[in-house]
Amino acid sequence: MRFLHMADNHLGRSYDLGQKDKRDQSRQDRFDNFKAILDLAKKSQLDALILAGDIIEGDFFLSQDMYWFLDQLEGLAPLPCYYVLGNHDFLWGQYVTSSLTWPRNVHVFSSHQLGHFDDEKNQVRFMGQSWSHGSGAQTLDLGEGDFRPGYQHILIHHGHFGGRDYFPISPQAPWLDWLDYVALGHIHKYEKYRGHIVNPGTPEPLMADDLGEKYVLLGDLGPHQLTLKPLSLQKRELKRIDFTLEEDKTFSQALGELKKALDPAKDIYQVRLGGYRKEEDFLEALKAQLRDQVFGAFFSHDFEESTYGEVLYRDQEEELLGRLIQEVNRQDLEKEDRQRVLDLAMEALLKSGEGHD
């Protein structure tokens, strides 16, 4: 059987950008990405769509968003969608269950107990349990499980693999070996814990560490065989750039080199500036120009710290004090010893000038 596995879309959220128009666009990116995933599902001859939790972001999801969401899932019919609600979407899921109607092709797992849905045609049993208020402190336990002879079994779960919180699965659980595929959600990066236990990560960057390509997983499950293909449909990529400023580099040179590094402009960048510390006006003007250049840019600094002697040398390079510092720096001394010699030399120099104009 063929399936598409996604998780942690967080529809309704946006990347934390400064300008409102960019936050609004980032919010729309997530909906556009979700639509692209469903378009892929329609043309991939799937047998199942797996939704492994946090597909929507409860605190930012609007009523009109929910109607759009339900319409998109219904548009996949007769393709079955198997949906485990995560810690960010279970309240909205409970609202739909109690006040609205899930499309017939959408199978939502109960928050109260482990449940299953059977695909009779492909002889696959889908197992799972949605989140509830107390799930974070629980560990998922299938016990003897409700395994059906002659069927393959897929567990859909939103939680940690290992650890003690966020509805974890114990890596030592014996029933893991009885499952043919474990479709996880919750962690935002692609993780393959074992050959058949996989987390696709978020398909669109949301947090500061959601770097690089983001995926959904196209899977084919056969007797004693599982193949997975990560597919990227993201609208923007979060990238990290390290850039070294040099003392003799002009503003135009630094700006031109950074503009080349921050390409394409549609992406979001974390820029770490290092090397020689320029004056604050230089740095702020550089940041302002780059923020206008790309969709999103965030800056941090990792500059080399200048010693007191280095600052004095830059200020007094052509004077006697500058030549003294230069001579001390030529000596093969440890940093602390060099500083001590500089202190003594400057003290002597200052005393020799006392009483003179």
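His-186 counts as buried, at 13% relative accessibility. This is a predicted model, and I'll stay with that histidine for a moment. His-186 is placed in the loop between S8 and S9. Its phi is positive, about 115°, although His-186 is not a glycine. As background, most residues other than glycine have a negative phi.

What does the backbone nitrogen of His-186 lie 2.7 Å from? A polar atom of the side chain of Asp-8. So let's go to Asp-8 next.

Asp-8 is in the loop between strand S1, residues 2–6, and helix H1, residues 20–42. Asp-8 is buried and yet has no salt bridge. The nearest side chain of opposite charge belongs to Arg-30, and that is 8.2 Å away. A salt bridge here needs a nitrogen and a carboxyl oxygen within 4 Å. Leaving aside neighbours within four places in sequence, the contacts of Asp-8 include three histidines by name: His-158, His-186 and His-188. Also in contact with Asp-8 are Gly-185 and Ile-187, then Thr-202 and Pro-203. From earlier in the chain, Asp-8 touches Arg-30, Gly-53, Asp-54 and Ile-55. Note that Arg-30 appears as a contact of Asp-8, while the distance for opposite charges is the 8.2 Å I just gave.

There is another residue with a positive phi to mention, His-224. Phi of His-224 is near 60°, again in a residue other than glycine. His-224 lies in the loop between S11 and strand S12, residues 225–231. Is His-224 buried or exposed? At 87% relative accessibility, His-224 counts as exposed, whereas His-186 at 13% counts as buried.

Staying with the backbone, here are the cis peptide bonds I picked out. One joins Ala-77 and Pro-78, with omega about 10°. Pro-78 is found in the loop between helix H2, residues 63–74, and S3. Another cis bond joins Asp-263 and Pro-264, also with omega about 10°. Pro-264 sits in the loop between helix H4, residues 251–261, and strand S14, residues 268–275. For reference, most peptide bonds are trans.

Now the aromatics. How many aromatic pairs does the structure hold? The count is 20. Take Tyr-82 and Phe-117: the ring centres are 6.3 Å apart and the planes are at 45°, so the pair is tilted. Tyr-82 is in strand S3, residues 81–83, and Phe-117 is in strand S5, residues 115–119, so this pair ties together parts that are 35 residues apart in sequence. Tyr-82 is buried, with a relative accessible area of 3%, and Phe-117 is partly exposed at 25%.

A second example is Tyr-190 with Tyr-215. Their ring centres are 5.9 Å apart and their planes are at 75°, so the pair is edge-to-face. This pair links distant parts of the chain, 25 residues apart. Tyr-190 is in the loop between strand S8, residues 181–185, and strand S9, residues 191–194. Tyr-215 is in the loop between strand S10, residues 197–199, and strand S11, residues 216–222. Tyr-190 is partly exposed, with a relative accessible area of 32%.

One aromatic cluster is formed by Phe-31, Phe-34, Phe-61, Trp-68, Phe-69, Tyr-83, Trp-92, Tyr-95 and Trp-102.

Last, Phe-295. Which charged ends sit over the ring of Phe-295? The charged end of Lys-22 does, at 5.9 Å from the ring centre. The charged end of Arg-236 does too, at 3.6 Å from the centre.

Conventions:
Residues are numbered from 1 along each chain as its sequence is written. This is a predicted model: local features need pLDDT of at least 70, side-chain atom pairs count only at pLDDT 80 or more; totals for chains, interfaces and linings use all residues. Side-chain values use heavy atoms; hydrogens and water are left out. Helices (H or I, at least four residues) and strands (E, at least two) are DSSP runs, numbered from the N terminus. Buried means under 20% relative accessible area, exposed over 50%, partly exposed in between (1.4 Å probe, protein chains only). Lys and Arg count as positive and Asp and Glu as negative; His and the chain ends are not counted. A polar contact is a pair of N or O atoms within 3.5 Å; within protein, one must be able to donate a hydrogen and the other to accept it, and residues adjacent in sequence count only if both atoms are side-chain atoms. Contact means heavy atoms within 4.5 Å. Rings of Phe, Tyr and Trp (its six-membered ring) pair if their centres lie within 6.5 Å; planes under 30 degrees apart count as stacked, over 60 as edge-to-face and the rest as tilted. A charge sits over a ring if NZ of Lys or CZ of Arg is within 6 Å of the ring centre and within 35 degrees of the ring normal.
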